[in-house]
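Reader: Please take a close look at one part of this model, the aromatic ring pairs and what lies around them. I would like the geometry and the burial treated together.

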Amino acid sequence: IGELITENGIGNGISVIIFGGIVASLPEIIGQGMVGATGGNFMGIVILALLGLFIVAAIVFFQEAQRRIPVQYTRSVFRGGRVFRQTGASHIPLRVNSAGMIPLIFAMSIMLFPGTVASYFTVGDPNTWVYAVADFIRQLFDTTGFFYWALYFLLVVGFTFFYTMVVFQQQNIAETLQKNGGFVPGIRPGRPTAEYFNGVLTRITWAGAMFLGGVAILPYFVEVGTNFRTIQISSTGLLIVVGVVLDTMKQLEAQLLMRRYEGFIR
């Protein structure tokens, strides 16, 4: 189903399906918050709403943030039997968060796997060494422990760099620029341009990686700092929802511009 959605140009199919599952669970989360409010935890809902607005604004800011690399193009034009050089200016946008929500999905899948497998071996005799090892792993990867969230943060940061670099290397921007007569002012074409792009992308990816890591572990600090256990905040879910909405709107805008020469984003 996800591949069919992607092929029809509606958006990233798998992300849209995940988006639907998260949105479908929102009424239950809001209901739990209302039940907690009746028990004297009304302040938790206020903090939830304010924190949610702050996270959404931060997600939009980091998702749309980009570093624009100036690029100049030169081409030869024949006029009256003579050759003239024409120069045009443009830019290449390098996004701060090029990986989107993919590192969070990868890291979450890896973090859930050891605890799930270990739980299968904790149903036998508790006096065996297999049970002891499995129980230790299950407690180590418990979602309420500090080790779980610390490792989750490191995995998100690592996957952000890994995914960003893999996707960027496949684009071969430096080689494409050289073939089309483009160059970055002050940088020699070819390998120096590629090294320059890699250096810039590495520096700005640190901001995107730390942001994604902070979003991933935010629920842990909210629960520890406020002790609002009746309200569960999924900042990762908000990141996926906002990212899918932004990506889908851009794709719909591109389809409208291609067919009707006007879009709906002003």
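Author: What follows covers the ring pairs, then one further residue of a helix that holds such a pair.

The model is predicted. Searching the whole structure gives 10 aromatic pairs. One of them joins F141 and F147, whose ring centres are 5.8 Å apart and whose planes stand at 85 degrees; planes over 60 degrees apart count as edge-to-face, so this pair is edge-to-face. The two partners can also be described by their accessibility. F141 has a relative accessibility of 16% and therefore counts as buried, because the limit for that class is under 20%. F147, with a relative accessible area of 37%, is partly exposed.

Another aromatic pair, W149 with Y152, is tilted: the distance is 5.9 Å centre to centre, with 50 degrees between the planes. Both W149 and Y152 belong to helix α6, which spans residues 146-171. They are 3 residues apart there, about one turn of the helix. W149 and Y152 are both buried.

Elsewhere among the aromatic residues, F61, F62 and F211 are linked into a cluster by ring pairs.

Helix α6 also contains T160. The relative accessible area of T160 is 1%, so T160 is buried. Once neighbours within four places in sequence are left aside, the residues in contact with T160 are A99, P103, T205, A209 and L212.

Note on methods:
Residues numbered from 1 in each chain as written. Predicted model: local features only at pLDDT ≥ 70, side-chain atom pairs only at ≥ 80, totals over all residues. Heavy atoms only, no water. Phe/Tyr/Trp six-rings, centres within 6.5 Å; stacked < 30°, edge-to-face > 60°. Buried < 20%, exposed > 50% of the residue type's maximum accessible area, 1.4 Å probe, protein only. Helix = DSSP H or I, 4+ residues; strand = E, 2+ residues; numbered from the N terminus. Contact = heavy atoms within 4.5 Å.
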